[in-house]
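Open your viewer and have the selection tool ready. We will take this one stop at a time.

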Amino acid sequence: MISPLRIPVAALEKTGRLGFGLRNAAYVFFAHVLYISELAYKTVVRAPLLFKNVSLSIEQMYIIGLESLGLVAVTSVFVGGEAVVQATYQFSGYVTLRYLGMVVCKALITELCPVITALVVSSRISTAIAAEIGSMKATEQLDAMACLSLDPIRYLIVPKTIACVCMMPVLVIFSELVAFTASIITALLFTDVSLTTYLLSLRMFFFPKDLFIGVAKTMVFGMVIAMTGAHFGFQSTKGAEGVGEATTKAVMTAAVLILVFDFVIAFLVL
Amino acid sequence: MDIQDALRPRPPDQRPAHSNNKTKLKIEHLRKHFGAVLVLDDVNLDVKSGEIMCVIGQSGHGKSVILKHIMGLMIPDGGRIALDGATYSTPTSKPVDFEEPRRKLGMLFQGAALFDSKNVGENIAFPLREHTDLSENEIRDVVAEGLEMVGLQGIEEKMPSELSGGMRSRVGLARAISMKPEVMLYDEPTSALDPIMGDKINDLILDLRRKLGMTSIVVTHDMSSAYKIADHIAMIYQGRIIYAGTPGEIRASRDPYVQQFIRGQRKLHYAVEDEKVYEAPVDINKLRPAYRPGQHRG
């Protein structure tokens, strides 16, 4: 199941713990990124087979998308509110508050909602995927799949990846709606800005491209979330302890990669 | 059949006549390292068509690793494995080389390895849906037939978490035989079960051979089970097959390691002669410290 090429990663991690420090940590991180890329390639190649088992993806969409709505709603309320409070504080004495809506809108659609939603969802989904795959490995279910000539990537990873990639934009649009609503309520309650001024300001300098990029990049984040969870799940060893370790590594790596991809996409597109 | 009966050697005329002399599975010079540890060291095994071969030995001496090599879950460092005369596992084998042999192989894992997210019926139907053109009604019939064969009719809707250890093993067996394999591999099928349930599994293994003519390789350290079901027993010790023969022959073996294992004695004995055991002054670990499992032997 696991490529023999993975052995150097384990060896590097071991020597890293012995005190080779940052340089080794960087090697380990890039080695993981390499394997995650390899897994992503294998997943994409098998993606067309999805149509033979559409029900698996729909089930995952429900788990990954609908069951995350509550979590995303709660975080989005505070993201929207916090954006208004921060902008008001930064503006005070320098910029008129008639631009408050514009700044909040830009911040929410380009960065805050996509990135924070991705981080929140990754904390729930990449860990869940790592734990599921890891415990399947520990209980020999992955070996059983191989014995029955069932490809774990096709039956386990492809549906989860498709679900993550499809549901992340939906979750982000939902998050933006909630965050806008929360920002309006916060602005009306805690600042002197009127509803009309705030809404007019929201429309000021609004470019559909910003919204599109903000939503589209979450598809990349969805891929990152699924791949890191799957990779560390496949890599887990040592039973229950290994599963715990895999979930921790999955969420850490997913968070870092989401921010890296966010920067790269911003750099390339904006 | 109770244990005493099982332990009694079966005369050749009472032994099952299912096996013939045609080699079904052949392992030659199999070698495997895990890092610096040599786990399998020149393993040779010849399994005839229709026979039940038990591989016995202490935990950690490489029994399950042999099964994983046969299934293609591990690639050997040396040697080869052939099924029906066709070599499929060598150090240069690719995953694609195992696709064809796997259609002829089935495996029952120690903990059954049922997919926890699927119910019993879906567990058994999963490979059928993916690898056959059977209709849903036909698949339902095959699932029911498989469950009936292992004595668990009507539990299709139950989840694996609702099953006892013995039931899980039997469902695992039903899943493995649903694809009608020619060779069944059993990884310690009775080790986690109570003696009565263990005996049921033994009977099932014999039944499957009788009804379907399957060749079986059973990895176990349960000697009563091995005596009951085996046509041949091979003993693995520190990665090497040190003895292979019929249950009667292995019982009569003068090899001290074989005798230590089959009698379940902590200490190694020099020799066994005339049913008398002469005890050695030291135990096995002190006698051959350089050969303890888990250590590199170069």
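The tour starts with one chain and then moves to a contact between two chains.

This is a predicted model, in which local features need pLDDT of at least 70 and side-chain atom pairs count only at pLDDT 80 or more, while totals for chains, interfaces and linings use all residues. Residues are numbered from 1 along each chain as its sequence is written, chains are lettered from A and ligands numbered from 1 in the order in which they are written, and side-chain values use heavy atoms, with hydrogens and water left out.

First, select chain B and show it as a cartoon: 11 helices and 12 strands appear (DSSP runs, H or I of at least four residues for helices and E of at least two for strands, numbered from the N terminus). Of its 298 residues, 48% count as buried, meaning under 20% relative accessible area with a 1.4 Å probe, protein chains only.

Next, add chain A and look at where the two meet. Here 17 residues of chain A and 20 residues of chain B are in contact (heavy atoms within 4.5 Å).

Now pick A:R154 and B:E130, whose side chains form a salt bridge at 3.6 Å, N to O; the term means a side-chain nitrogen of Lys or Arg within 4 Å of a carboxyl oxygen of Asp or Glu. Three salt bridges are found across this interface.

Finally, select helix 5 (141–147) and helix 6 (152–190) of chain A, each of which supplies at least two residues of the side touching chain B. Helix 5 of chain A gives the largest share of that side, six residues.

Terms used
Buried means under 20% relative accessible area, exposed over 50%, partly exposed in between (1.4 Å probe, protein chains only).
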